[in-house]
Amino acid sequence: MAQIFSPGATTIARLALVAIPVLPVVSILLAYTLMNSNHVTGQSLTLHQNPPFSHEHHVRELGIGCAMCHSQVEKTAFAGMPKTEVCMSCHSQIWTGAEMLAPVRRSLAENKPLVWQRVHNLPDYVYFDHSVHVTNGVGCSSCHGDVPTMPLMRQAAPLTMGWCLDCHKAPEHQLRPQDRIYDFEWTPPADQEARGRALIAEHGIDVKHLTDCSVCHR
């Protein structure tokens, strides 16, 4: 009588039985790893910009403050981007013929805004308000990292839901005095938790409300 199953059939059957419970677990772990990777979150990735604006040069070397270019950061949800006229207030006098600044001069001549690659790009279903954070003790470096050391802007934090919730659950670890909001050298003091709780009371922040879904999803 001819043999029905090949010699390796038993091995194949055993592997199939093992794969049935293992494959779903491995698939979930792979998906979780992928969703938290830089490829998806955009963390640490540097995007091409035209012109190649250097925060390192403008912020650290020249001492230009955040609000000079992001003038709406304390007033609206969107921090704002500088108009071409703001750039030309300096570059109409210095580096007037620099090739890298040709897009700025062309923007002014054609009366068309500069087009920047957005670095911190949250999904459309996420609501984020810069003014609420900045006027309630959250400093720029808490989300944007050490901007003065960045020749080109990059996303320092993952900006995932879990990352945001870590702060919303315990904001006392991040809050700082209003006069240190734009200070990229600020570090939490030894008694940060106590100071943070005092700032929560000062700003009237309802910590329990911070984890409501409607805060970020409207």
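Here is a short chat about how some labels in this structure are earned.

User: What kind of model is this, and how are residues numbered?

Analyst: It is a predicted model, where local features need pLDDT of at least 70, side-chain atom pairs count only at pLDDT 80 or more, and totals for chains, interfaces and linings use all residues. Residues are numbered from 1 along each chain as its sequence is written, and side-chain values use heavy atoms, leaving out hydrogens and water.

User: Thanks! Why is Thr41 called buried?

Analyst: Buried means under 20% relative accessible area, exposed over 50%, and partly exposed in between (1.4 Å probe, protein chains only). Thr41 has 13% relative accessibility, so it counts as buried.

User: And what makes Asn111 exposed?

Analyst: Its relative accessible area is 68%, so Asn111 is exposed. Asn111 also has a phi near 55 degrees, a positive value in a residue other than glycine.

User: Why are helix 5 and helix 6 called oblique?

Analyst: The axes of helix 5 (residues 84–91) and helix 6 (residues 102–110) come within 10 Å and cross at roughly 120 degrees. Angles under 35 degrees count as roughly parallel, over 145 as roughly antiparallel, 65 to 115 as roughly perpendicular and the rest as oblique. Helix 5 and helix 6 are therefore oblique to each other.

User: Which residues of helix 5 and helix 6 make the contact?

Analyst: Helix 5 brings Thr84, Glu85, Cys87 and Met88, while helix 6 brings Val104, Arg105, Ser107 and Leu108 (contact means heavy atoms within 4.5 Å).

Key: Axes are lines fitted to C-alpha atoms, for helices over the stretch in contact, and angles run from 0 to 180 degrees between N-to-C directions. Helices (H or I, at least four residues) and strands (E, at least two) are DSSP runs, numbered from the N terminus.
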